[in-house]
Amino acid sequence: MTQTLTAGGRFRLALREEKPLQIIGTVNAFAAMMAQRTGYRAIYVSGAGVANYSYGLPDLGMTSLDDVLTDVRRITSQVDTPMLVDIDTGWGGAFNIARTVKQMIAAGAAAVHMEDQVSQKRCGHRPNKEVVSTEEMVDRIKAGADAKTDPDFVLMARTDALQVEGLQGVIDRCGAFVEAGADAIFAEAMTDITMYKQICDAVKVPVLANITEFGTTPYYGRDELGEQGIAMVLYPLSPTRAMQRAALTVMQAIRSEGTQKNVVDMMQPRSELYDFLGYHAYEDKLDQLFQKGK
């Protein structure tokens, strides 16, 4: 009898089978459905995405565990593609971090990443970030690792220390984080591709490269990152940024021109939407129920 893999198990399987694993940001359930149809083996819920697009807030640690869980549950209810979730600094001390990990597993997440910034955090590609001591971050990781109810659930440690401590500081921290129980490493805001190889060689666990737009990391390609030893390439908000730009363009056109006819080509056709949603199957079921009721 084949044992069904947990979400964490599916994430680890994708890591083994796709090198490097491309992880695409999905801001809502429909975006996750599009990612699944497109062939992505892993998806992502960004803390910035939740703050910016679900709550209209900047990414400055203003959203809570429950805010993020709401979006996670909406997505996992519709797709089984394994999901990596941004949990910022874990939302508190050891007991809060443990609760966060348990709640994420219960909500269907496959992996989380927790960072070493202070609780009043900033976006990873902004200046003047402050990080906690290595010892404090090690305690966060130990709390998270101890709370795992699924051994395959992936606890990823993110470090924002490059700006503060330099590359050697990043490498030293990553080694300590792995020793404390981190299953993977997220080296944020690297500025040169060769930095990744040095980190990968040092830690011997999967390392993620965040290739976000408009940040401090150049747009390195999947294959060249793989040559450096990178196991995962993250595109946290790429589709979302495109959605927002397109929506703004359409709003402006309708407002100024009084019609949408000149921007209809930018829109997803109703037939494509229905195809993604399986709409006609729902209608067929309604017809069956209605006929039975006669």
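## Exercises on a barrel and its salt bridges

Eight strands form a closed barrel in the order β1-β2-β3-β4-β5-β6-β7-β8, and their pairing is parallel. From one strand to the next the twist averages 25 degrees. The model is predicted.

### Exercise 1

Task: Find how strand β3 is joined to strand β2, and state which residues stand opposite each other.

Solution. Step 1: Locate the strands; β2 covers residues 42-45 and β3 covers residues 83-86. Step 2: Look up the bridges between β2 and β3; there are three, and the two strands run parallel. Step 3: Name the partners. Ile43 has Met83 in β3 as its bridge partner, and Tyr44 stands opposite Leu84 in β3. As background, strands of a sheet pair through backbone hydrogen bonds, in a parallel or an antiparallel way.

### Exercise 2

Task: Follow the chain from β3 to β4 and state the handedness of the unit.

Solution. Step 1: Check the pairing of β3 with β4, which spans residues 111-115; three bridges join them in the parallel sense. Step 2: Pick a pair of residues; Val85 stands opposite Val112 in β4. Step 3: Add helix α5, residues 94-106; together β3, α5 and β4 make a β-α-β unit that is right-handed.

### Exercise 3

Task: Sort the residues of β3 by the way they point, and decide whether they are buried or exposed.

Solution. Step 1: Recall that side chains alternate between the two faces of the sheet in a regular strand. Step 2: Apply this to β3. Met83 and Val85 point one way, while Leu84 and Asp86 point the other way. Step 3: Check the accessibility; all of these residues are buried.

### Exercise 4

Task: Explain what the salt bridge between Arg12 and Asp152 ties together.

Solution. Step 1: Read the distance; the two side chains meet at 3.9 Å, N to O. A salt bridge needs these atoms within 4 Å, so the pair of Arg12 and Asp152 counts as one. Step 2: Place the residues. Arg12 is in helix α1 (residues 7-17), and Asp152 is in the loop between α6 (134-147) and β5 (154-159). Step 3: Draw the conclusion; the pair ties together parts that are 140 residues apart in sequence. Step 4: Judge the accessibility. Partly exposed runs from 20% to 50%. Arg12 has 23% relative accessibility, so Arg12 is partly exposed, and Asp152 is partly exposed at 31%.

### Exercise 5

Task: State where the salt bridge of Asp201 and Lys197 lies, and how accessible the two residues are.

Solution. Step 1: Read the distance; the closest N and O atoms of Asp201 and Lys197 are 3.4 Å apart. Step 2: Place both residues in helix α8 (residues 193-203), where they are four residues apart, about one turn of the helix. Step 3: Compare with the limits. Asp201 is partly exposed at 40% relative accessibility, and Lys197 is partly exposed at 39%. Step 4: Look at the wider picture. Salt bridges with shared partners join Arg12, Lys148, Asp152 and Asp183 into one network, and the whole structure holds 15 salt bridges.

### Exercise 6

Task: Decide whether Glu165 and Arg173 are buried, exposed or partly exposed.

Solution. Step 1: Their side chains meet in a salt bridge of 2.9 Å, N to O. Step 2: Glu165 has 40% relative accessibility and counts as partly exposed. Step 3: Arg173 has a relative accessible area of 2%, so Arg173 is buried.

Definitions and conventions. Residues are numbered from 1 along each chain as its sequence is written. This is a predicted model: local features need pLDDT of at least 70, side-chain atom pairs count only at pLDDT 80 or more; totals for chains, interfaces and linings use all residues. Side-chain values use heavy atoms; hydrogens and water are left out. Two strands pair if DSSP finds at least two bridges between them. Axes are lines fitted to C-alpha atoms, for helices over the stretch in contact, and angles run from 0 to 180 degrees between N-to-C directions. Buried means under 20% relative accessible area, exposed over 50%, partly exposed in between (1.4 Å probe, protein chains only). A crossover is right-handed if, with the strands pointing away from the viewer, the path from the first strand over the helix to the second runs clockwise.
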